[in-house]
Amino acid sequence: DETFSFKYSPGKLRGNQYKSMMTKEELEEEQRVQREQLAAIFRLMKEKSDTFGEMSEGDVKEQLRLYDI
């Protein structure tokens with residue numbers, strides 16, 4: 001009976017391990033894409049506030065910090 005754990009998943013790298021394997025250009029591209037995706041998510045949440053509730057950009061950033069994003 002195996003218990004799944006993010007910390008000890010054999011064969012799976014954690015985010016910071018991926019970052020250490022990337023070139024500077026790859027890391028910059030990854031960060032650019034991440035910013036674009038987060039901006040799109042934030043726009044969608046603002047447009048659909050009846051579904052997601054009212055959230056400020058600060059609220060979203062605080063939530064993302066919980067996930068080390």
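## Arginine 43 and the model

Arginine 43 is found in helix α2, which covers residues 24–47; helices (H or I, at least four residues) and strands (E, at least two) are DSSP runs, numbered from the N terminus. At 48% relative accessibility, arginine 43 counts as partly exposed. Here buried means under 20% relative accessible area, exposed over 50%, and partly exposed in between (1.4 Å probe, protein chains only). Between arginine 43 and glutamate 57 there are 10.0 Å in space, C-alpha to C-alpha, and the two are 14 residues apart in sequence.

This is a predicted model, in which local features need pLDDT of at least 70 and side-chain atom pairs count only at pLDDT 80 or more, while totals for chains, interfaces and linings use all residues. Residues are numbered from 1 along each chain as its sequence is written, and side-chain values use heavy atoms, with hydrogens and water left out.

## Fold and confidence

The chain has 4 helices and 0 strands, in the pattern α-α-α-α along the sequence. Average pLDDT for the chain (the predictor's confidence in each residue, from 0 to 100) is 76, and 72% of the residues score at least 70. Among the elements of the chain, α2 has the highest mean pLDDT, 88, and helix α1 (residues 15–21) the lowest, 71.

## Surface

Of the chain's 69 residues, 7% count as buried. The accessible surface comes to about 6600 Å², and carbon and sulfur atoms account for 52% of that area. Accessible areas come from the Shrake-Rupley method with a 1.4 Å probe; for residues, only the protein chains shown count as cover.

## Salt bridges in α2

A search of the whole structure finds 2 salt bridges, a salt bridge being a side-chain nitrogen of Lys or Arg within 4 Å of a carboxyl oxygen of Asp or Glu. Arginine 32 takes part in a bridge with glutamate 29, the closest N and O atoms being 2.5 Å apart. Arginine 32 also bridges to glutamate 36, where the closest N and O atoms are 2.4 Å apart. Glu29, Arg32 and Glu36 are thus linked in a network of salt bridges.

Glutamate 29 and arginine 32 are separated by about one helical turn because they are 3 residues apart in helix α2. Glutamate 36 and arginine 32 also both lie in α2, 4 residues apart, again about one turn of the helix. The three residues are partly exposed: glutamate 29 has a relative accessible area of 38%, arginine 32 has 32% relative accessibility, and glutamate 36 has a relative accessible area of 46%.

## Second largest pocket

The second largest pocket has a volume of about 210 Å³. Of the 11 residues that line the second largest pocket, Arg35, Leu38, Ala39, Lys61 and Leu64 are the closest to its centre. On a 1 Å grid over the protein atoms alone, a pocket is an open set of points where a 1.4 Å probe fits, with protein on both sides within 12 Å along at least five of seven lines; lining residues have an atom within 4 Å of a point. Grid points are joined across faces, edges and corners, and the volume is the space filled by probe spheres set on the points.

Helices α2 and α4 (57–65) each supply at least two residues of this lining, and α2 gives the most, with 6 residues. By class, the lining has 6 nonpolar, 2 polar and 3 charged residues; Ala, Val, Leu, Ile, Met, Phe, Trp, Tyr, Cys and Pro count as nonpolar, Asp, Glu, Lys and Arg as charged, and the others, Gly among them, as polar.
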